[in-house]
Amino acid sequence: MLQYTIRRILQLIPVLLGMTFVVFLIIRAIPGNPAQVILGQQATKEAVAALTKELGLNHPWYVQYIDYIKHLLQGNLGTSIRTRTAVSEEIWPYLAATLELSLVAMVIAVVVGVNAGIISAWFQNSWFDYAAMILALLGVSIPIFWLGLMEQWVFSINLHWLPTTGRENIRDPIEAITNLYLLDTLIQGRFDQFIEVLKHLILPGIALGTIPMAIIARMTRSSMLEVMRSDFIRTARAKGMKMFWVVYKHSLKNAVIPVLTVIGLQMGLLLGGAILTETIFGWPGIGRYIYDAISYRDYPVIQSGILLIAFIFVFINLVVDLLYAAVDPRIKYN
Amino acid sequence: MKKKSFLLAFVFLMILSSALVGCSSKSSNGNSSKGSDGESAQKTLIFGRGGDSVGLDPAAVTDGESFKVTKNIFETLVEFGKQDTQIHEGLATKWDVSDDGLTYTFDLRKGVKFQDGTDFNADAVVFNFERWMNGDADKFPYFASMFGGYKGDDGLVIKEVKALNDNQVQFTLKRPQAPFLKNLAMSPFAIASPDAVKKFGDKFTENPVGTGPFKFVEWKHNDKVVIEKNKDYWKKGYPKLDQIVFKSIPENSARLNALMNGEIDLADGINPSDADQIKSNPDLQLYERPSMNVGYLGFTVTRKPFDNPKVRQALNYAIDRQALIDAFYGGKGVPAKNPMPPVISGYDDDIQPYEFNLDKAKELLKEAGYPNGFEMELWAMPVPRPYMPDGKKIAEAIQANFAKIGVKAKIVSYEWATYLEKASKGEADAYLLGWTGDNGDADNFLYALLDKDSIGSNNYSYYSNDKLHDILIKAQSEVDESKRNELYKQAQEIIHEDAPWAPLVHSTPLLAGKANLKDFYPHPTGSDWLDGVYFGK
């Protein structure tokens, strides 16, 4: 097991290195000079030339790439072209904002998705099953943009239940400690603010969680149906075991492997796919951080941002793979 | 079976309740202030806007979102009017201009302090100008475009800035510059605290200190900028608010949603199509920003067949401008016939517009040798701007117009930075673009956008006319206002005849605010004074 883990971690290095190379080349292939973009439409030619030189963008790409990797190996993520601040210094609050949102979205997706899938499988071909599967179909096909604006319209503007934008009540700002606001407000014992943060999380959480929720529901249902048809379940039921235990203990445990895979993949996708949600809900997360960086051609920020997301993505996959063994003793890593 | 349905209902309830956690009470409608005032009027203004600032050192940036904030932290020697670009006193209370237009002597306001407690005086003014003049295009990009260069450059208009005494400062120019005072009133030339500049160095842009009504508190990139009341502000009784938060909400509809839900108090970038909804809402009010912009369709005159003025005129005749305004600007805005808006001094109202006339357009195309039209690319802006709320739809409407005279336009669009870069290289046949004036001067439109000197920067049309160039250069140093206006009228005639663009519209950008927001006057430059703004009951 330990050997397997170490081998997997070592495998990550060439993957991530390859990533840096591809990302580096792609973003430099996009036309548009960062200096021009930063200085704006109104800037003079001399200004653009001067800034290009200052940023070292006049060197050939391979020199820039080698420099970048050298710095990266020293743990230096580079300096933002736009804000002139070290990326490592400024990236955490954005990443934290997205992590918090993604976690909430994932909790919603897993709790609702898994349960809907189980119940659908349990009462196969019932009205609930049909309704849930139609909703799941809608869920994967609904545009997040539209869903987000509709949520705001219904729950904020008409019902006044929930706020539309941001992470906090701007009139009562939160003092950041870890930048995970749910945690920060608890540490400070501000339960009113905790509730406020939770309220801000619900609408974007649902918007972001809808697609994974639908996918998880469908995956759980089909996986459960397969398991529930197997002999040991039939035996358990014949022995008179309560249906609840049959479903939630025996069946679920055996059906959970493909669901875990899906959850792992979706979690990684959430991080990258948060841009639309973050735009609609004015959420200061990593998706928008990178998106803005792309508009400004802020190369170091784009590179580091994508690298970080890629890292989290492969890391989650690693965790999922390791979890298999914990959930299913038949799987061994030798 | 009974058990089953009970369980089902239970699980359903669980899901529902978990989804509705915290939905219990009406959320942050924040009509009260968190402060000593208790239940009295609101003292914090939350201003929702589309983007973040680039930097908060106004001399080092060129974007409107930065100036929107710095306008309230810093002050300039002279200021624009409340809703126009007339010159009024600012940090200077009086100024004398010598008859030859070469010497400007300013009397400075006494008793003014920077927000860090240091004194504002003539030395501070000299320090700021020396700082900019000793800089370069990279550090202070706007300085050269308004004052002709940096120290050592022949083009630099300013020969010397010296302190006559504590409260008097004198500028000596190398040659007269007509828009000199208007330039001084621009946000980038606001006076910063010399001590703070020295103390923070490169980080001054994150720690701005000026003499303005509000002082800087905090900047969370991509999220918000917070400024608070400067208690030692020289103007008694101002500012009226305790705090302003500039909050970035990129999506126009989401920003309006936040306003309707009471999370923000003021929102810019309102879609023209939402205007009626705001007017009919008793909790909100609609603001119109005085127009100082132009949206246009530029032709790259070095490309065939756009090198033929008749073709360009024909296309000008083929656009139904009023229909564009009705459909995409919510009827707000005026059809454009000149490259600058009517509010600018020197505007030539005698120009006869290219009215919508397809017969005339066809006739001109025939004369130009294209009786059956031709194929072209029509570039559509990918981002909304006040002068171009929806580039793609406007391009489609123009495409339909052009089709009627046999011109087949293919709509092309790129991501914004790519769009600007490719257009500036002259790769477009015709491109949609626009401009918002910086200082309300004709030079800032005509010279900046259509002079041959501006090819490679803002003259994306590659339009070059020596006669026009001579007139524009002459106008730059003409101090007599009426003579100057006459020159600009001549310039507009030449441009009208050559038709390097099809000017489309001078739009009216819209903002919306809470109904009880008082004394907010949107400024044509796009950066608003908020010192007099307050909330009524």
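**Close-up views of the predicted model**

**Figure 1. The K94(B)–D107(B) pair joins two strands of chain B.** K94(B) counts as partly exposed, because its relative accessibility is 45%. This is a predicted model. The side chain of K94(B) meets that of D107(B) in a salt bridge, with N and O 3.7 Å apart. K94(B) sits in strand β4 (residues 92–97) of chain B, and D107(B) in strand β5 (residues 103–108) of chain B. The two parts are 13 residues apart in sequence, so the pair ties them together.

**Figure 2. A salt bridge links K151(B) and E130(B).** The closest N and O atoms of the pair are 2.5 Å apart. K151(B) belongs to the loop between α4 and β6 (158–165) of chain B. E130(B) belongs to helix α3 (residues 122–133) of chain B. These parts lie 21 residues apart in sequence, so the pair ties them together. K151(B) is partly exposed, with a relative accessible area of 40%. E130(B) also counts as partly exposed, at 25% relative accessibility.

**Figure 3. D268(B) and K68(B) form a buried salt bridge.** The N to O distance is 2.4 Å. The pair connects distant parts of the chain, 200 residues apart. D268(B) lies in strand β11 (residues 266–268) of chain B. K68(B) lies in helix α2 (residues 64–70) of chain B. Both D268(B) and K68(B) are buried. They also belong to a network of salt bridges that includes R49(B), D52(B), E65(B) and R255(B). Over all chains, the whole structure holds 34 salt bridges.

**Figure 4. Chain B meets chain A.** The contact involves 72 residues of chain B and 65 residues of chain A. About 5,700 Å² is buried between the two chains, and carbon and sulfur atoms give 57% of this area. Three salt bridges are counted between chain B and chain A. One of them pairs K224(B) with E168(A), their closest N and O atoms 3.0 Å apart. Across the interface, 14 residue pairs are in polar contact, with both residues at pLDDT 80 or more. Elements that each supply at least two residues of the chain B side include α1 (2–19), β1 (44–49), α4 (141–147) and β10 of chain B. α7 (252–260), α13 (416–424) and β17 (430–436) of chain B do so too. α1(B) gives the most, with eight residues. By class, the chain B side has 29 nonpolar, 24 polar and 19 charged residues.

**Figure 5. Helix α13 of chain A is largely enclosed by the rest of the structure.** The helix spans residues 286–295, and seven of its 10 residues are buried, so the surrounding structure largely encloses it. The buried residues are I286(A), G287(A), R288(A), Y289(A), I290(A), D292(A) and A293(A). They pack against α5 (87–122), α12 (274–280) and α14 (299–327) of chain A. β10 (243–248) of chain B also packs against them. Just after α13(A), R297(A) takes a positive phi of about 55 degrees.

**Figure 6. Confidence varies along chain B.** Chain B averages a pLDDT of 88, and 93% of the residues score at least 70. Over residues 1–7 of chain B, the pLDDT is below 50. That stretch has five contacts in the model beyond near neighbours in sequence. Residues 12–38 of chain B also have a pLDDT below 50. Here the model shows 47 contacts beyond near neighbours in sequence. Where pLDDT is low, the predicted coordinates should not be read in detail. The model scores ipTM 0.77 and pTM 0.82.

Notes. Residues are numbered from 1 along each chain as its sequence is written. Chains are lettered from A and ligands numbered from 1 in the order in which they are written. Side-chain values use heavy atoms; hydrogens and water are left out. pLDDT is the predictor's confidence in each residue, from 0 to 100. Contact means heavy atoms within 4.5 Å. Buried means under 20% relative accessible area, exposed over 50%, partly exposed in between (1.4 Å probe, protein chains only). Helices (H or I, at least four residues) and strands (E, at least two) are DSSP runs, numbered from the N terminus. Buried area is the accessible area (1.4 Å probe) that two parts lose on being put together, summed over both. A salt bridge is a side-chain nitrogen of Lys or Arg within 4 Å of a carboxyl oxygen of Asp or Glu. A polar contact is a pair of N or O atoms within 3.5 Å; within protein, one must be able to donate a hydrogen and the other to accept it, and residues adjacent in sequence count only if both atoms are side-chain atoms. Ala, Val, Leu, Ile, Met, Phe, Trp, Tyr, Cys and Pro count as nonpolar, Asp, Glu, Lys and Arg as charged, and the others, Gly among them, as polar.
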